[in-house]
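Here are some worked exercises to try with the model open on your screen. Have a go at each task before reading its solution.

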Amino acid sequence: MKNIYFLSGLPRSGSTVLAAILSQNPEVHTTATSGLLDMLVGTLRAWADSMSVQATPDKVKSEAEIQRILHNICDSKYADIDKPIILDKARGWASDVNIPTMAKVLGHKPKVIATVRNIPDCVASMVRVAKPANLDDFLRTSELVNHVKESYQTLESGYRFAPECILFVDYDDLLSNPQKELDRIHAFLEIPAYEYDLNAINADHLKENDEEVWQVKGLHDVKSELKRQHSTTAEDVLGVFYRDYQQPRFWLGEGPGHRPIHDLDLQLSASLMGNFNEGWQLAQKIEREEPWNHRAAFNRGWYKLWKGNLLEGEQLLFRGRIEGVFGNEVPKSPVAMWDGETKGTILLNLEGGLGDQIHGLRYVREIKKRGCDVIVACSGALAMIARQVEDVTAVVQHEAVFGVVHDAWLPSMSAIPVLGYEFADIDGSPYIPVPVVPKAKKMRIGVRWQGNPQFEHEQHRLFPPHLMFNALRDVDAEFISLQRDEGAQHKPVWVKDVSLDSWEDTQRAIASCDLVISSCTSVAHLASAMGVETWIVVPVLPYYLWAKPENTTPWYDNTKLFRQKVFEDWTDPFREIGLKFKLKKAA
């Protein structure tokens, strides 16, 4: 009867050399990266998708059948191996999904040996093997580096789920005290002790098609002697990028607090609190010390906008695309990005959330002014709104970009660097038409108090709804709700419901209003783009569009900003709103 155990861990942390050492034991069969896990996962998926299985009324029997099938797959995989102990290698064995699955298959909790290593050391080892010509590009785009990140997350989730199933073997400990680590492994697997020859390690049976799969030679090569192969440290190899890969060694009990604090962390903290002068000083300091740091450049872009430098700020924000923190992925377009001058048909790719996309529609007229036709690519929900914009030739959904003929494309959130505009060049007049709808006899105000909960920083723009309602309760006006889905339950009885089933419904509701009051949401952008008077409540650290510290905005002529002045305290903007209505009434 064979006992199947598992080998997992982080890439470049010694799993191959450990497998080679353990294979010297005549009782143990070790593998290269095995297909067993893939076979089991594929079988499970096919079973779950089977109509006959779904139609089976006896679910208990069905579950027993699939577990028996999976167990037999494990037995069949190693039927030709005459050793009693199997150590099957795959990165996924240590996941919080596969551990409970294998417990059912085996009839007992699985035992997983997981090799680990400080993450910067793993990444530096990848660099040594791959020898990239451009380190920055390699670290940002390489599947090898991404493999390290994903493996770390998988291993951590598995450890949090079932720590008793995993034995960690640290690469540095294996090198410095191999006998101790091998004894720990034997005790964990409950197998007899064995004396290994650490000067005659043979990993020929563990070779993998590294060049074919990863386009890197020698990824799993193992030296015959167990010793450290490099004198250079991870800091030597990664240089200025070293800090980017420092992660808590959770296998040693380290938590997030073990990650060193960087000036970027201090800058974010200062910004959230509204200490912008301190944040700007940190931005300048990081620029001097780390001019290569794209994330820092992205943050610095916000501060340039705050200082009134639109073009320079947007150019710095563009560097956030390199880190994946700004804009969308490059669309599947067969042509190049527009240069701002060449005539032709330009595909304006609207990016970000729905509010960002509504804001991006403003660039249709700017592109048209330069003698080009404009096709708009957007989310399907906004297609009917986009087609109303003057000078739009056609509207397509993002997924259909590749099938639409165009000469160049433009990412909407980076239109400013292409157009070369400063704040003085911005046209804040309306660009989305206002449908003709019946007007109320008295002043009508549309209110929205909450944005999309999936927005990355929703918690910072979310205020207690009662502050808005208390500020508006005694205003002599008719109120309608522009809030739908999450947050709608907070609506007071004196705020009327209207149809918001589509964006065209929302557009008509806004058109019926004399004023719209909202947090920083897509509704606020739509109302502003339609030219309806709009008041937007923004947090102390506002979205980049509102970074310029004024109560009006060049983006929309009829829009006013009510700014939070103290972090987590929303009383100031609503006090100002209440005062604004009192002044209107007095006038």
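**Exercise 1. Place I261 in the chain, decide whether I261 is buried or exposed, and list its contacts beyond the nearby sequence.**

Step 1: keep in mind that this is a predicted model. Go to the loop between α12 (234-238) and α13, and you'll find I261 there.

Step 2: check the accessibility. The relative accessible area of I261 is 66%. Exposed starts over 50%, so I261 is exposed.

Step 3: look for partners, leaving aside neighbours within four places in sequence. I261 is then in contact with R243 and L266. R243 sits 18 residues away along the chain from I261, and their C-alpha atoms are separated by 9.6 Å.

**Exercise 2. Work out how α13 packs with α14: what are the angle, the axis distance and the handedness?**

Step 1: get the geometry. Two packed helices are described by the angle between their axes and the distance between the axes. For α13 and helix α14 (residues 276-289), the axes cross at roughly 160° and come within 8 Å.

Step 2: turn the angle into a word. Anything over 145 degrees counts as roughly antiparallel, so α13 and α14 are roughly antiparallel to each other.

Step 3: add the handedness, which is left-handed for this crossing.

Step 4: see who makes the contact. On the α13 side these are D263, L264, L266, Q267, A270 and S271, while α14 brings F276, E278, G279, L282, A283, K285, I286 and E289. Sorted by class, the contact of α13 with α14 has 7 nonpolar, 3 polar and 4 charged residues.

**Exercise 3. Do the same for α13 and α15: which angle, which distance, and which residues meet?**

Step 1: take helix α13 (residues 263-272) and helix α15 (residues 294-306). Their axes lie 11 Å apart, and the packing angle is about 25°.

Step 2: apply the cut-off. Under 35 degrees counts as roughly parallel, and α13 and α15 are therefore roughly parallel to each other.

Step 3: note that α13 passes α15 in a left-handed crossing.

Step 4: pick out the residues. From α13 come L264, Q267 and S271, which meet R295, A296, N299 and Y303 in α15. The class tally for the contact of α13 with α15 is 3 nonpolar, 3 polar and 1 charged residues.

**Exercise 4. Find where D391 and D485 lie, and say what is notable about the phi of D391 and of D485.**

Step 1: recall the background. Most residues other than glycine have a negative phi.

Step 2: look at D391. Its phi is positive, about 80°, although D391 is not a glycine. D391 belongs to the loop between α19 (383-386) and β8 (392-397). With a relative accessible area of 31%, D391 is partly exposed.

Step 3: move on to D485. This residue isn't a glycine either, and has a positive phi of about 60°. You'll find D485 in the loop between β11 (478-481) and β12 (495-496). At 57% relative accessibility, D485 counts as exposed.

**Exercise 5. How many residues of α1 are buried, and what covers them?**

Step 1: count. In helix α1 (residues 15-22), 8 of its 8 residues are buried. They are S15, T16, V17, L18, A19, A20, I21 and L22.

Step 2: look around the helix. The cover over the buried residues of α1 includes the strands β1 (3-9), β2 (28-33), β3 (85-89) and β4 (112-116), plus the helices α9 (171-176) and α10 (178-189).

Step 3: put this beside the whole chain, where buried residues make up 51% of the 587 residues.

**Exercise 6. Describe the surroundings of N558: which residues does N558 touch?**

Step 1: locate N558 in strand β16 (residues 556-563). At 34% relative accessibility, N558 counts as partly exposed.

Step 2: list the contacts, not counting residues up to four places away in sequence. N558 touches G531, V532, E533 and T534.

Step 3: zoom in on G531. Its backbone oxygen lies 2.7 Å from a polar atom of the side chain of N558.

How values were computed:
Residues numbered from 1 in each chain as written. Predicted model: local features only at pLDDT ≥ 70, side-chain atom pairs only at ≥ 80, totals over all residues. Heavy atoms only, no water. Axes fitted to C-alpha atoms, helices over the stretch in contact; angles between N-to-C directions. Helix = DSSP H or I, 4+ residues; strand = E, 2+ residues; numbered from the N terminus. Parallel < 35°, antiparallel > 145°, perpendicular 65-115°, else oblique. Left-handed = near helix turned anticlockwise from the far one by under 90°. Contact = heavy atoms within 4.5 Å. Nonpolar A, V, L, I, M, F, W, Y, C, P; charged D, E, K, R; others polar. Buried < 20%, exposed > 50% of the residue type's maximum accessible area, 1.4 Å probe, protein only. Polar contact = N/O pair within 3.5 Å; in protein donor to acceptor, adjacent residues only side chain to side chain.
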